[in-house]
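Me: I'm new to this one and want to learn how to read it. Can we start with the cysteines?

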Amino acid sequence: MIRWVHAFIDRPAAELEVAVDFWAAVTGTRPQAQADPPVHRLVPGDADDWIGVQGVDSGPGGAHLDFSVDDVAAWSQRALTLGASTVAGHGGWRVLRSPAGLPFCVWPRGGESRLPGVDSGTRSRLDQVCLDIAGDGYPAEVRFWAGLTGWELQTMPDFHRLKRPAGIAVQILLQRVGDAPSRAHLDIACADADAERQRHEALGATLVQEFPDWLVMRDPAAGTYCLTRRDPRG
C-alpha cells in the first residue's frame, strides 16, 4: 500500500543550486540537504515534506515520483509483474522504470503523515506530477499506473488522472504527447494562475506558452512546468 508520495524535481547538476533556490521560494519551503541519496528536500512549516530537488548528470531533467510503501520487495515485484523494469537496487530502496521508460523510486514506509494546511489564503500548491507519454505507449502506461497505485482513475478529454486518496499530497496526471520522448513534469494548482505567473517571473521563470486551462513555464534551471487553473485547496 502507498503511504506517501514525493514529487521530485530533476535538474542538471550544474544548475542544482539555482533550482533549489527557485523552487524553495516558489513553494514557500525551507531546503534541507540530504547526503544519502544526495537530494534537497523542501520542508514546509506545517507539514511533512513531499517535494524534493535532485541533480542529474546528463540531459535536461524533468520530474519523477517516489513512493513510500509498507513492503518494498513485494510492491516492486508487483510493479515488475505489471510491466516495469528494474534500474537499480540500493539496499532498502529501489529505482524502477515504467513500460514507457519513466523512472520512479520505491522506499520503505517513513513517518510522513502531515498534509499541508488548506485555507482560503492558499494561492498555489505543487500537487501533481504529469506523465507525458508518447502516443503508442499511452494506453499501456495508463493501465500500468492505474494497476500499480490502485487509485481512482478519472477519464477526461486528452487526459487520465489518478486521483490521490486521502492522506497523500501528490496525484498523477497522464497525457498523450505524440511522438515526443516520454517524460514527466510538475503541475502547480493556482487560485489565480496569472498572478502566480507574475510572481514566478519575478523569481526568474519565463512564460513558454499559454493555454486556456494552464500556463507552460520555464524555471531558471531551464526545466518546464505548468501553472494550472485548478483550486489549490483540493
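Reply: Sure. The sulfur of Cys105 has its closest cysteine sulfur in Cys130, 19 Å away, which is too far for a bond. A disulfide is a pair of cysteine sulfur atoms within 2.5 Å. Cys105 is also buried, because its relative accessibility is 10%; buried means under 20% relative accessible area, exposed over 50%, partly exposed in between, with a 1.4 Å probe and protein chains only.

Me: What is the closest cysteine sulfur to that of Cys190?

Reply: That one is in Cys226, at 10 Å, so again too far for a bond. Cys190 counts as buried because its relative accessible area is 3%. A search of the whole structure turns up zero disulfides.

Me: What should I know about the model itself?

Reply: This is a predicted model, where local features need pLDDT of at least 70, side-chain atom pairs count only at pLDDT 80 or more, and totals for chains, interfaces and linings use all residues. Residues are numbered from 1 along each chain as its sequence is written, and side-chain values use heavy atoms, leaving out hydrogens and water.

Me: How much of the chain is buried?

Reply: Buried residues are 47% of the 234 in the chain. Along its principal axes, the C-alpha trace spans about 45 × 40 × 35 Å.

Me: And how do I read contacts?

Reply: Contact means heavy atoms within 4.5 Å. Here, of the chain's contacts with a separation of 6 or more, 65% join residues 24 or more positions apart.
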